[in-house]
Amino acid sequence: MEFDVELDARQLSCPLPILRTKKMLSQMQGGQVLKVVATDKKSPDDFTDFCKQTGNDLLSAAQQGDEFVFYLRRRQI
């Protein structure tokens, strides 16, 4: 999947992956796609809840070995 920005959130525990994602999204334009790679086991639930609460689109969530890869589309402003 194509993306505009990548965020490495490996080895970060909750709530840091979400906080870093929120900060990165705030610097992006509406419609841009952010790829996040995380290792926190709670990340799938955290990212699902985060997108529901903020209006950003969770385009994809997949587990690759011990890592979780998320693609989020920045909501239109």
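The legends below describe four close-up views of a predicted model.

**View 1. Val-37 and its surroundings in strand β2.** Val-37 belongs to strand β2, which runs over residues 33–38, and with a relative accessibility of 3% this residue counts as buried, because buried means under 20%. When neighbours within four places in sequence are set aside, the residues in contact with Val-37 are Glu-6, Leu-7, Asp-8, Ala-9, Arg-10, Glu-67, Phe-68 and Val-69. Lys-52 is 15 residues away from Val-37 along the chain, and the C-alpha atoms of the two are separated by 19 Å.

**View 2. The buried and exposed residues of helix α1.** Helix α1 spans residues 16–26, and within this helix Pro-17, Ile-18, Thr-21 and Leu-25 are buried. Seen down the axis of α1, these buried residues fall within an arc of 95°, so they line one face of the helix. Lys-23 and Ser-26, by contrast, are exposed and sit on the face of α1 that is turned away from the buried side. What do the buried residues of α1 pack against? Their packing partners are β1 (5–9), β2, α2 (43–54) and β4 (67–73).

**View 3. A salt bridge between strands β2 and β1.** Side chains of opposite charge can pair when their charged atoms come close. Here the side chains of Lys-35 and Glu-6 meet in a salt bridge, with a distance of 3.9 Å from N to O. Because Lys-35 lies in strand β2 and Glu-6 in strand β1, the pair ties together parts that are 29 residues apart in sequence. Lys-35 counts as buried at 16% relative accessibility, whereas Glu-6, with a relative accessible area of 42%, is partly exposed.

**View 4. A network of salt bridges that links Asp-8, Arg-10 and Glu-67.** Arg-10 takes part in a salt bridge with Asp-8, in which the closest N and O atoms are 3.0 Å apart. Arg-10 also forms a salt bridge with Glu-67, and in this pair the closest N and O atoms are 2.7 Å apart. Since Arg-10 lies in the loop between β1 and α1 while Glu-67 lies in strand β4, this pair ties together parts that are 57 residues apart in sequence. How buried or exposed is Arg-10? Arg-10 counts as partly exposed at 34% relative accessibility, Asp-8 is partly exposed at 45%, and Glu-67 is partly exposed with a relative accessible area of 24%. For the model, the count of salt bridges comes to 3.

Terms used
Residues numbered from 1 in each chain as written. Predicted model: local features only at pLDDT ≥ 70, side-chain atom pairs only at ≥ 80, totals over all residues. Heavy atoms only, no water. Helix = DSSP H or I, 4+ residues; strand = E, 2+ residues; numbered from the N terminus. Buried < 20%, exposed > 50% of the residue type's maximum accessible area, 1.4 Å probe, protein only. Contact = heavy atoms within 4.5 Å. Arc of directions from axis to C-beta. Salt bridge = Lys/Arg side-chain N within 4 Å of Asp/Glu carboxyl O.
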